[in-house]
Every structure is written in structure tokens, then in C-alpha cells.
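This report introduces a structure to a reader who has not met it before. Please look over the sequence and the model shown here before reading on.

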Amino acid sequence: MGCALAQPYLVKLTIDLFLSGTAHAPAPYFDPLLRLAGGHGLLMMGFCYLLMVAGEFTTFYGQYYLTMAVAQYSLSDLRIALFARLERLPLAFFDSTPVGRLVSRSTTDIDAINEMFNAGSLTILVDLLTLAGIVAIMFALNAHLALWSLCAIPPLLVIINLFRVRARALYREIRDRLAALNAYLSEALSGMAVIQLFTHEAESGREFELLNRRSRDIQRTANIYEAGLFSSVEALSSVTVALILWAGGGEVVRAMIGIGTLVAFIEYAQKFFFPLRDISTKYTVLQSALAATERIKDLMEEVPEAAGAPQRAAPRAALGSTRGEIVFDQVSFAYRPGEPVLRDISFIVEPGRKVAVVGATGSGKTTIIKLLARFYDVTSGRILVDGRDVRAWDLRELRRAIGLVQQDVMLFSGSVGDNLRMGRTGLDDRALMRALERSQALTFVRGLPHGLEEEVIERGANLSAGQRQLLAFARALAYDAPILVMDEATSSVDSETERLLQLALEELLADRTALVVAHRLSTIERADRILVLSKGILRESGTHRELLAQGGLYRRLFEVQYAPPGTGIEPSAA
Amino acid sequence: MKRLLRYVARYRLRYASGILCTVLTATLAMVIPILIRNAINAVQQRHFARVPGFAELIVAAALGMGVVRWLSRSIIFNCGRDIEYDLRNDLFARLLTLSPSFYERLKTGDLMSRMINDLTAVRMMVGLGILTFINTPLYYLYALAFMTSLNGRLTLASLAPYGVLCAGIWRLAHTLMERSLRVQEELGRIGARVQESLAGIQVVKAYTAEEHEVARFREINQTYNAENLRLARVRGMLMPLIRGAAATAAMIVLIYGGFLVTQHRMSLGDLVAFMSYLGLLAWPTTSLGWMLSIYQRGKASMKRLADIFEAAPVPAPSDDGQWGLEVAGAIEWEHVWFSYFASPGTNGGADDGAAAWALRDVNIKVQPGEKLAIVGRTGAGKSTLVKLLTRLIEPTAGRVLVDGRDVRDVPLARLRRSVGVVPQEPVLFSDTLARNIAFGCPGAPRAEIERAAVAAGLVGDLEAMPRGMETRVGERGMTLSGGQKQRVTVARLLTYDPAVVVLDDALSSVDTETEHAVLHTLGESVKGRSMVVVSHRASTVRDADQIVVLQDGVVAERGTHEELMARRGAYAELFRRQLLEEELASY
């Protein structure tokens, strides 16, 4: 900045000392300099000028790069903090917020802030300093002329202020209208089949056109304002030059200042308006960055999952020593107030026992699992694991004690090994291989071109449904939690895979407390006890044999869902 | 690009006036240094009386320049806005005609980014791009002419740094493009990562892998940072390079020109004017680089938009009037084969074996006014059968006929006006309930909308809503329950009043009792119409004239309820389980 400011002064010196040839004597302190330069004064000045230019280059580059580096690192911190916060939000949050919106928060919105740095909106500060510097130098050179040069400032302030006041409302309106347009577009795109089926195309087209026009019209207005600001700044710059010439010309003639000073003033005046030129651009970028910040702030203020209270007073049981007892004590739960999904459920799973949960669709089976892993908190009642309320457990410890196998296997992009480890870098390949072997998945993983290192495409699209299930079993085995919670997959697989799954399940259930939402007859038959749910109420409980003999709800359910499909078999024959 | 030129041509008059203003602006901008020169020369020659005159001229030129510059920017930028507007309308109009297979290929997120980011890039090209495209050569032309008239050799010497700058920016522009594309790609990866991790949040939480996820995220952020800084290293050079070149040129002028002044071969005013011209050239020179990148980005974006423009809409014959006004409602599937992996008309899916066929040689005939029921397990091909009827998809082999005419020979709008579907997945738009119900015929009178709402069993729900019919449905109908949404879509069908009514498992989220009630009133209001009901609930289909059981894409059984029950086959089994299930549910 200093270098940039000094350049016009050098021009002035050059002109006054060497070019003007007038009697305006240089200040005495330049004498040594002049002597040093001897006859090569001009070259000397040129050299100084070059130094200044190089200085400006270096400092400007340094400033830009440092700003960018700082911006990048802090934005990346912000993004990571945002992501970390998202990872810790309760599931209920994700039930009501589309993932797409969260993605745009962590990319588009943070990018908008980045754009602010890129466009140099932060250099507004530097710009202001530069402006102050220029004003100071002008006053030092000649206060009278400086005052004249600043004549353009009041009208400039008026114009900028006018713009600012109008622009704020304008830009907000632009944002709103653009958001409405894009929301409509996104909705229409995802509901396109319905639009076409109801021959609503013409109407949709009209509605879109209206929103599009509203958005265009306001942007046109904004364009006119922006162009106006830009042009008036430019015009005022030239007017200032005229003023300097008019006022300064007389002073030169009266020999009150050197002509070099006059030229320097003209140069300074031009430099003065330089940073003001694209203030409107910077303003727009700044506005959208502020809006983005607001949205990110809202997200950061979402309340994360309660971490639970690790009861440090009591001796914390080491992980391995979790016995695995599960107690549901009069548990009720509703996702939405007034619509209970579970009502007054009570049961006990003793350590090491296997319990199957069965029931019709929507009876609340899966919800039991979600409550146990504390994805949601009970509405009333309590859930105890090893005699301690899950809300009193340290959340992470609780979830480390529970291995989960989901109905729809979720695999992440990364290698097969990564998907088994799920972040526990301590697990070596040997341990993974053992888990694969026990889950009957070793054969197929060995058959992959890169074995454990085989890349899994997003959601495991390159693996079959059976292979994904086997991997989910291996993942749970590698996790080696004392409690296993499983939502059995309903999708049918070929008989060979089915056999492998059976063997794997046996391994998985061994030496563990298990709570399984069962869809396969074999799984139910293997259970120590069966819980029969209907409409969120626990109807029956007992062993397969007992319940069948009872001839109640389970008997019917069994006939509907689990009896081997036959043709024309009478219910009693099942 | 040719396509874009057509849009530009639409606004040729406005562009012409905008360009005229740009030329005027440049001219005035070039006049001002001359005036400054004259004024300074006058000062130096002690002709002070002439200075105020020059000053006034400068003010006049400045004000005039302000006005024309304002006009030029407003006009040209607004042409850009208008072209963006036209393009967006046309793109949307095209999107409205494209079939589901297109939306399989290009997902909503991708399309949104094309409709937002790529359109912006195109707008930049036809707005700012055109302005700089006119400005740059003009400035050069003017400046060079004036400068050469002042001093030829000085011009040559002083332009040397600009030559270097030009070459430098040309090269930088390429690197800049490349690196900013990289940054965009990395940003895309970040988005994908967030998407994936949050979609699987339940597993992440269950395996307490949150920290691991954050660590992975941190890793790709680091790559992104590195790419961004690589970009910054190049970008950061741009501004100082420009300033450096401008300053170096100024220095050359100062030394060489200063020498000329001391030799009295040039006046001081000329020198100052010369320097002003050089200053004026700094921006247009930079713009050269921008022009290149704006042009390249715009071209790339236009190509991405062309994907939409050039996507083939469902070919449909125009309304030739041969299709009668009244549709009787006879439907027939004639030897219909369908595979999702083959394009219509080819047998491409066959080599995958039988599994690739969603439908195999299906033959079903429905007389006008009859009710056909299709039952079967998930994945048996029920929905596929229905989609063929409205031509959302086309048979791989065989024909689908409505009133004896191949649906491919029927104007699409007429076909879809005659065949009304309530799809499995209810889609509501963020609008009032009334407008959602009247979606198929926007002008429907209020009484009709209300009748439809009553028939769909919505009365109780409407009473509970704060503003009744005028309640706005949230984004994607988020504020309604699944059952409510489905009943709204049934009401929508009722106001649409088609000749053929198709329910594609439309009431799956509604309890059995309500389903019976809704189906009953629905049956009353569409009496005499042909009806196709897809259901996984056997009890709702027993009164159908014809029941078809689909298994793995093949018609396994067909007949009336009584016939099928007597056969004791798949249908009988399905029906028995169904009754039990209903009994269970009502426990």
C-alpha cells in the first residue's frame, strides 16, 4: 500500500526536480540525492520507481495470498465444525430436514463466504486505509488543493448512501425471489411425473415464467442501480481532476506550487476513486456472504444429542464387562405428539438370551431398536441396560455396547476394509479377516479383485444384496459388542446365500444378548423368547412352541408371514 | 453456441444501442486525457485564462460519460438478464416434455445446478462478456491512435510491459481455468461426502464412528484447501501483475518521456496525457484474460444446457382429431414385454437372462366400464404395467392399446387427459390444499373441489386444519401424514375426472377401514368408468370384474374373485393372508 501511495509522489519529484525546468527550487534535503545521482537523475528516479513497483507487487501478492490462506483455513475449520455438529444432531433432526439442504449449507453457503474473500471484499479495510493515506498525503502536499480535491466527496457519499439504502431492500428481495424460483424448479423437477400425468405442463410453465419474470425484473432494477453507482463514481473522478486543474492551475501560475505537485494531485485523485469503482460488486458479494453466515449460524445452533451423563462417581465398567441385560420398563413413545407408536411396553432380556420381535408392518418393531440405541428418547417409562437408564449412560459407551445390523445395509464409499472398521484404526487386517471368515463373507471378499482393499461404490451398488448383508454381519462381528440388535432384511436371496446368512447369523448370535426384529422363520425358531407386537402394544410373549399352542395373535401372524408359502394350504395345516 | 446466438439476435436492437453507448463512453473517456493535457500545457505556458475552459469541458465530458456509461452497462447487462430469462423459460418448457428415463439419467441436483450455475455463466458471457468484448479493442484502438500521434517511439516502448502482461494473462487464464475446475470438483466431492455420511447417519451413530467421519471429512477438506491455495497462488498474481505492468509502463514513460521533455521534444502536458492513456489501458488488458475465461466457462455451460435442449421428448403424434372426444375406456396390454435395461424396440435386456424382464408377454384386456384389479408381491411388475398405460415408459415389445389405438399413436396430452393416475408415492406441491386438489384442472369451481375432498375422506382432516382448504402444504407436503397425502391425491384425481381411473396402490398408508370407505365413494363417483386398481390388499379388489395376479412379470392367474378362490392358487393364498393381516391390524 505504501509503495502504491509513494508512486505519484515520485512522479512529482521527478517532474519538479528534473522536468519542469522552472525556478521552483527543490527542498534542500534533496541536494545529497541530486549530487549522488549526478547526471543520471532520471535513471535514478526510474530505479526508485521500479523498486516501488516491485514492492507493491510483493506486498499485494503477499497480502492476497495470506488473506486467502487464512480464509481457507478458517472456512475449512468452519466447514468441519459444521459437519461435526451435523454428525452429532439427533435423528429426529434428520427426519424433518432434507439432506440436500444440509449439503448446500456445507458447500454452497460456505463457498459464498469464500467468494467474499476471493472478490476482495475484505480488502475494503485496506481500501479505506489507502483512501486515508491518500488524503493525508494530499494534505501534506498542499492543504488548499487537497480541500478542492475532496469537493467530490460529499456528493459521492450521498450517492453511495442512496445506493446502500435502496440496495439493502433490493438485494433481500432478489434473494427471496430467486429462492422462490429455485424452490419451484426443484419441486417441479422431482414431481415431474405428476405434472405430466395430470397434463399440468402449460400451467406449470406459466407459473414458472411468472416467478422467472419476477426474479428477472428485480435483477434488472438492481443492474440499473449498480451501473448508476459505477458510472457516477467514474464521472466524479474526472470532475475531481477538473477541479484540481482549475484550482491548482492558478496556484502553479502564481508559483505557489510546482507543476509536479499538480500532476501528483491528478494521479492521487485517480487512485482515490480506484477502489470505489467496484464497491457495488463487493457489496453484493458481501450481502450473500452475510446471508449464508446467517443460515450456517442457525444450523450451528441446533441442539446436539445429549451426550448422556457418564457417572464418574460409580466405577465405570470396562467395555468388555457389559453383561448385556436389557430392560424395557413401561416404555411409551411417539414420533409426533398424540400419535403413540409404542404403548407401555415392558420386557426383560437376560444376558446372553436371544429375543425375537415380530408383528405386522407398522406395529413398532423397529422403533424398539431405535430407542435401545438411544436414537430417540422415550416419551415415558425407561430403558435400562445393565440396570442403568440409557439416558444415564455415556452415549458413546452405550453405542459401543450395542452392535447394530440394519435392514437396509448402508455401505459407504471407501474400501471393504474401511466399511468393516468403521473408523477403528486399531483393527488390523487379521482381525477383519477373522470377522469375514466367521460371517461367511471371506470367500466372496477374497474373490474381489482387490480383496479387502476393493473400493465400495456409494451405497454398495457394486455388491449384491446378499453380499451386502454378509458384510453387515462381518461389520457387527468386528465391532464385537456384547449386545446385538438386528433388523432382519426382508429381501429374498438365493438359497446358497441364504445358507451362508444362516451360518453367519449363528456366529453373530453366539455369546451375545440379542434383540432381533425377525422376518425369517429360522431366526424366530432359534430365539429363546418371542415378543409379539401389534399397534405398539406388546400382545404376547413366549417361545415359538408356547405361542403356537396358544393359538392367539402369534399363531395367525405365523400363518401370514412365516409359514412356507404353499398353494391352497388351509390355515390349520400350517 | 449457435443456439445462443439466436437468443442474442432477439435483442439485436438493444444490443446495438448498448454498444453505441459503449463506443460513446470509450470516446469520452479518451477525450478527457487530451483535455487534461491541454490544461497542463496551458498552465506550463502560463496561459491560465484558458484553464477554466478546459476544466469546464472536462466536467461536461465526465458528466456525459457518466450518463452513457450508465446506459451502456444497464442496457447490455439487462440484455444478459433477458437472455437468461428466455433461456430459463425455454429450458423449463423442454424439461416439462421429457420422460422419466431422462430424469433417471440426470438427477434433480444435477439439473438444479445446470439451471442455476450454468445459466449464470451464460449470462456472464452475454452481459459482461459482450461489454468487454466491445470495450477492449476499442480502448486499444483509441489509446494507440492518440499515443502514436503524440510520440510513436514512446508508444512502442511503453507498450512493451503490456505485451508481457497480455502474454502472461493469456497463460495464466489457462492455469486459472484448470485450477478453478479442480476446486469445483473438490467442492463437489465435499458435497457428496456430506450427502453420503448424513444419509447413513444411523449407522455412523450406531458404530460411534462420528469422529472417524469427521476425520475423513477433514482429510478431503485438506485436499480442497490445497487446491484452493493452488488457485490463489495464480489468482493472487493477477492483480499485482496488472498493477506492475501499468507501473512499469508508467516508469518507462517517465524516464524516456522525461528525457524527451528535457530535450523539449515533448511538452509536459503531453507526457501527463500519455500516462493517463497508459492507465486507461490497464483494465482492458486485464479484461482480455477475463474475456477468455468468461467465454470458456460460458461455452462449457452452454454445452451442459444443450444436454437438456437436445434431450428427445416423448415422440407423440400431434392432435389429428382422429381421437374421439369421448373415450370409451377399453384398455389392452397385447404381448407386452418390458425391461428397464433395454431401450424400447430392442431386445437388449435379453442377454441378462429372464431376471432383466420386468414384464413377460403380458396380455390383459379391459372392456369399457370394467374394473381390473392387479395384485402381486412387491416387484412383480404391477406398477410397471400401469406406467405403460400413460406412456411414462414404453413397452420393449408388444403394444398397449386404449380404445383400440396404440398409445404411441395418441397425442400425449389427450392420452393423459383420458387416463388419470393416483401414483403410489403421493406428490404434493407447496401450495394450498385447494390448489393441490385442483391440480389437474386449475379452473375447477370451489364446490367441485370440496365434493372431491369429501369423497376422498378429507373432511375431518380439513376441519382440524387452521385454514381449511387454504392451508398451505409445506415443502414436499411435509406437514401432512402419509395417509392424508394419499387422500389428497385421490381428491386430485376426482377433480381431474378422467375416462380411465388408475389407482396404483394409492391408499397403502391409509388404514383398511378408511380405504374401504374412500374406495366406495370413489367407486360411486366414477361409476361407469374403466378402472384399474393395483393393490397389495386383496380385500379391496374382490369386487373387480377381472383380477390379475402378477408373479415375476408374468400373469400367473386371472379371473373373478370367485373363480380364483375356487382355484385355490396364488390368489386364494394371497387373499387368505390378507384377511388374516387385516384381522391382526384391527386387534
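The text below treats the interface between two chains and then a group of strands in one of them.

**The interface**

The model is a predicted one. In it, 143 residues of chain A are in contact with 132 residues of chain B. The size of an interface is often given as the accessible area lost when the parts come together. Between chain A and chain B, the buried area is about 13300 Å², and carbon and sulfur atoms give 66% of this area.

Eight salt bridges are found across the interface of chain A and chain B. One of the salt bridges joins the side chains of A:Glu305 and B:Lys205, at 2.8 Å from N to O. In addition, 35 residue pairs, both at pLDDT 80 or more, are in polar contact across the interface. On the side of chain A that touches chain B, helix H10 (residues 201-253) gives the most, with 31 residues. That side of chain A comprises 72 nonpolar, 40 polar and 31 charged residues.

**Strand E11 of chain A and its partners**

Five of the six residues of strand E11 (residues 529-534) of chain A are buried. The pairings of E11(A) are set out below.

| Partner strand in chain A | Sense | Bridges to E11(A) | Opposite residues |
|---|---|---|---|
| E3 (residues 354-359) | parallel | five bridges | A:Val357 and A:Leu531 |
| E12 (residues 537-542) | antiparallel | five bridges | A:Ser534 and A:Ile537 |

E11(A) and E12(A) form a hairpin with two residues between the strands. In this hairpin, A:Lys535 adopts a positive phi near 50°.

Definitions and conventions. Residues numbered from 1 in each chain as written. Chains lettered and ligands numbered in written order. Predicted model: local features only at pLDDT ≥ 70, side-chain atom pairs only at ≥ 80, totals over all residues. Heavy atoms only, no water. Contact = heavy atoms within 4.5 Å. Buried area = accessible area lost by both parts, 1.4 Å probe. Salt bridge = Lys/Arg side-chain N within 4 Å of Asp/Glu carboxyl O. Polar contact = N/O pair within 3.5 Å; in protein donor to acceptor, adjacent residues only side chain to side chain. Helix = DSSP H or I, 4+ residues; strand = E, 2+ residues; numbered from the N terminus. Nonpolar A, V, L, I, M, F, W, Y, C, P; charged D, E, K, R; others polar. Buried < 20%, exposed > 50% of the residue type's maximum accessible area, 1.4 Å probe, protein only. Pairing = 2+ DSSP bridges.
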